[in-house]
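Please look through the model below with these numbered points beside you. They move from a pair of strands outward to the core and the ligand.

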Amino acid sequence: MLNLDTLRHRLVVSCQAPAESPLRGTDYMMAMARAALLGNAAGLRAEGLDDVRALSRLGRPVIGLVKREEDGSPVYITPSVADVRDLCAAGASIVAADVTMRPRRSGEATLALVEAAHRGGALFMADVDSLAAAGEAVAAGADMVSSTLSGYTGRVQSDEPDIALVNTLARSLPVPVFAEGRYRTPEQVERAFAAGAFCVVVGGAITDPLQITRRFVAACPQPVESLPA
Ligand SMILES: CC(=O)N[C@H](C=O)[C@@H](O)[C@H](O)[C@H](O)COP(=O)(O)O
């Protein structure tokens, strides 16, 4: 199993492209991952079995997940034990899954997902949205928690990372706390570490040119719709 110390106080880069992005595809994500490692990222986060399999060959820790929507449940990050098994077989050193208070469609307990990860030789990361959810994750044996889902489970979404939650989690829990979700600047990363983060995960601000372009376009006085034909 992975020695988590390889990620302590370091950066993980999440290489995921949204469905609408022309960069969706394992080859593109491999290139993103290689660039991130050249830039001295300590690890990677990847979505989908093909990407996890490919990126795991780069020899650095990979946090693997699958995004799969199931009728009748809002849980879409690694929603079942079978997904956990598949991610372990694909080479994930850490498997990330939704551990919020929301029920999985399968009814499977977090404990079953944690056990499947451990049986498969991987650590288990709980993607949480609150201290209550994180407490439940730790009770079920999660090896670490990440603030991934803060702002995505109902309440109004902020554009800022939830550093206050990272601080609360780091002060309250006996497991490493990863800071993840909407980190856009190195200053925010510094603040997350100052708040007690063990590791920070940055995705779109590094690996999603679509998102980055839109942010710059939004700062322009001329709306894109009014471009001459
Ligand atoms: C909420 C959700 O589904 N988060 C996903 C989890 O893997 C990814 O879409 C994010 O890109 C990742 O968490 C990194 O965050 P950001 O791209 O904001 O740095």
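1. Ala97 has Ala126 of strand S5 as its bridge partner, where strands and helices are DSSP runs numbered from the N terminus, a strand (E) having at least two residues and a helix (H or I) at least four. Strand S4, residues 94-98, is joined to S5 by 5 bridges, and the two run parallel; strands are said to pair if DSSP finds at least two bridges between them. Between them the chain passes from S4 through helix H4, residues 110-119, to S5 in a right-handed β-α-β crossover, a term that applies when, with the strands pointing away from the viewer, the path from the first strand over the helix to the second runs clockwise.

2. The model is a predicted one, in which local features need pLDDT of at least 70 and side-chain atom pairs count only at pLDDT 80 or more, while totals for chains, interfaces and linings use all residues. Residues are numbered from 1 along each chain as its sequence is written.

3. Ala126 also has a bridge partner in S6, namely Val145. Strand S6, residues 144-146, runs parallel to S5 and is joined to it by 3 bridges, and S5, helix H5 (residues 131-139) and S6 make a right-handed β-α-β unit.

4. Why is strand S5 largely enclosed by the rest of the structure? It is because 5 of the 5 residues of S5, residues 123-127, are buried, meaning that 20 or more other C-beta atoms, placed from the backbone, lie within 10 Å of a residue's own (exposed is 12 or fewer, partly exposed in between). Leu123, Met125 and Asp127 point one way from S5, whereas Phe124 and Ala126 point the other way. In a regular strand the side chains alternate between the two faces of the sheet.

5. In the largest nonpolar core, which has 65 residues, Val95 and Met125 touch the most other members; such a core is a set of buried Ala, Val, Leu, Ile, Met, Phe, Trp, Tyr and Cys residues joined through C-beta atoms within 7 Å. Leaving aside residues up to four places away in sequence, Val95 touches several residues, among them Leu87, Ala117, Phe124 and Met125, contact being C-beta atoms within 7 Å.

6. Ala112 belongs to helix H4 and is partly exposed, with 16 other C-beta atoms within 10 Å.

7. The ligand is surrounded by 15 residues, and the closest are Ser14, Tyr152, Arg182, Gly203 and Gly204, a residue being near if its C-beta atom, placed from the backbone, lies within 6 Å.

Key
Two residues are in contact if their C-beta atoms, placed from the backbone, lie within 7 Å.
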